[in-house]
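Me: I'd like a close look at one charged spot in this chain, and then a walk outward from there. Keep it informal, but give me the cut-offs behind your terms.

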Amino acid sequence: YQGESERKLRDALRVASAMQPCVLWMDEVEKGLGSSQDGTDSLGTGQRLLGTLLTWMAERKSSVFLAATANDIEALPPELMRKGRFDEIFFVDLPNEPVRAGILRIHLSKHRIAFDDHALARLVAASDGYSGAEIEAAIVGARYEAHSASKAPEVVMVASELARTKPLSVTRAEAIDALRQWAVERTVSAG
């Protein structure tokens, strides 16, 4: 219903204010507030949501720290991006070796796949250019493979899954390079 999205956003902001001090995390903010290049927002919902959020940001007196992520920051309207709306814009690149090792440790342990330091090092090397989500998906894929073979998942299955996968750093290399170039002078590196 028209107006329902704005009401839900106002309710969420009211709840966050009631829970203060807290962090309000808005994931992939461009999906709800970004400009619609394809004309799918004929009712103006995105603009009304943006207006609701900007008003709250300007008028709030509560101790709510707002953090937001965006995969396509250029889709965000300029009025949200101007200095003063958010204190800082950080760029988080694809994970480096130590971060990939941490991601692998977490997901291998979570999915009960035995590994040693040597196997972990091989997976870290094999996952160069992969996002955390892509690494996790490879581990889940290895579990599916193991289940269909009626055996326990193994590191070699994860390595095979990584080898079969084309990460976004390959399939969208130009877009990722453009984003990195955009971020150089406009953001603070989170790496």
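Reply: Let's start at Arg-7, which is partly exposed, with a relative accessible area of 35%; on this scale buried means under 20%, exposed over 50%, and partly exposed in between (1.4 Å probe, protein chains only). Before going further: this is a predicted model, where local features need pLDDT of at least 70 and side-chain atom pairs count only at pLDDT 80 or more, while totals for chains, interfaces and linings use all residues. Residues are numbered from 1 along each chain as its sequence is written, and side-chain values use heavy atoms, with hydrogens and water left out.

Arg-7 makes a salt bridge with Glu-4, and their closest N and O atoms are 2.5 Å apart. That term means a side-chain nitrogen of Lys or Arg within 4 Å of a carboxyl oxygen of Asp or Glu. Both residues sit in helix H1, three residues apart, which is about one turn of the helix. Helices (H or I, at least four residues) and strands (E, at least two) are DSSP runs, numbered from the N terminus. Glu-4 is partly exposed too, at 27%.

Further along H1, Asp-11 and Arg-14 meet in a salt bridge of 2.5 Å, N to O. Because they are three residues apart in the helix, about one helical turn separates them. Asp-11 is partly exposed at 26%, whereas Arg-14 counts as exposed at 52%.

The whole structure holds twelve salt bridges. Another of them joins Glu-161 and Arg-164 (2.6 Å, N to O), both in helix H8 and three residues apart, about one turn of the helix. Here Glu-161 counts as buried at 19%, while Arg-164 is exposed at 52%. Back in our charged spot, salt bridges that share partners tie Glu-4, Arg-7, Asp-11 and Arg-14 into one network.

Now step out of H1 (4–18) into the loop that leads to strand E1 (22–26), where you'll find Pro-21. The peptide bond between Gln-20 and Pro-21 is cis, with omega about -5°. Most residues other than glycine have a negative phi, and most peptide bonds are trans. Glu-28, in the loop between E1 and helix H2 (30–33), has a positive phi, near 50°. Ser-150, in the loop between helix H7 (132–148) and helix H8 (155–164), also has a positive phi, near 55°. As for cover, Glu-28 is partly exposed at 29%, and Ser-150 is exposed at 70%.

What do the side chains of E1 do? They alternate: Cys-22, Leu-24 and Met-26 point to one face and are buried, while Val-23 and Trp-25 point to the other and are not. E1 pairs in the parallel sense with strand E2 (residues 64–68) over five bridges; two strands pair if DSSP finds at least two bridges between them. In E2, Phe-65 is the bridge partner of Val-23.

Val-23, Trp-25 and Phe-65 also form a nonpolar surface patch, with about 380 Å² of accessible area together. Patches take residues with over 30% relative accessible area and no salt bridge, joining like charges within 9 Å and nonpolar side chains (Val, Leu, Ile, Met, Phe, Trp, Tyr) within 5 Å. Areas come from the Shrake-Rupley method with a 1.4 Å probe; for residues, only the protein chains shown count as cover. Trp-25 on its own is exposed, at 55%.

On to the interior. The largest nonpolar core has 23 residues, and those touching the most other members are Leu-24, Leu-33, Leu-53, Trp-56, Met-57, Leu-66 and Leu-80. Such a core is a set of buried Ala, Val, Leu, Ile, Met, Phe, Trp, Tyr and Cys residues joined through side-chain atoms within 4.5 Å. H1, E1, helix H3 (45–59), E2 and helix H10 (173–186) each give two or more residues to this core, and H3 gives the most, with six. Apart from this core lies another, of 19 residues, including Leu-123, Ile-135, Ala-142 and Ala-146.

Leu-123, in helix H6 (residues 117–126), counts as buried at 1%. Not counting residues up to four places away in sequence, Leu-123 touches Leu-104, Leu-108, Val-155, Val-158, Ala-159 and Leu-162, where contact means heavy atoms within 4.5 Å.
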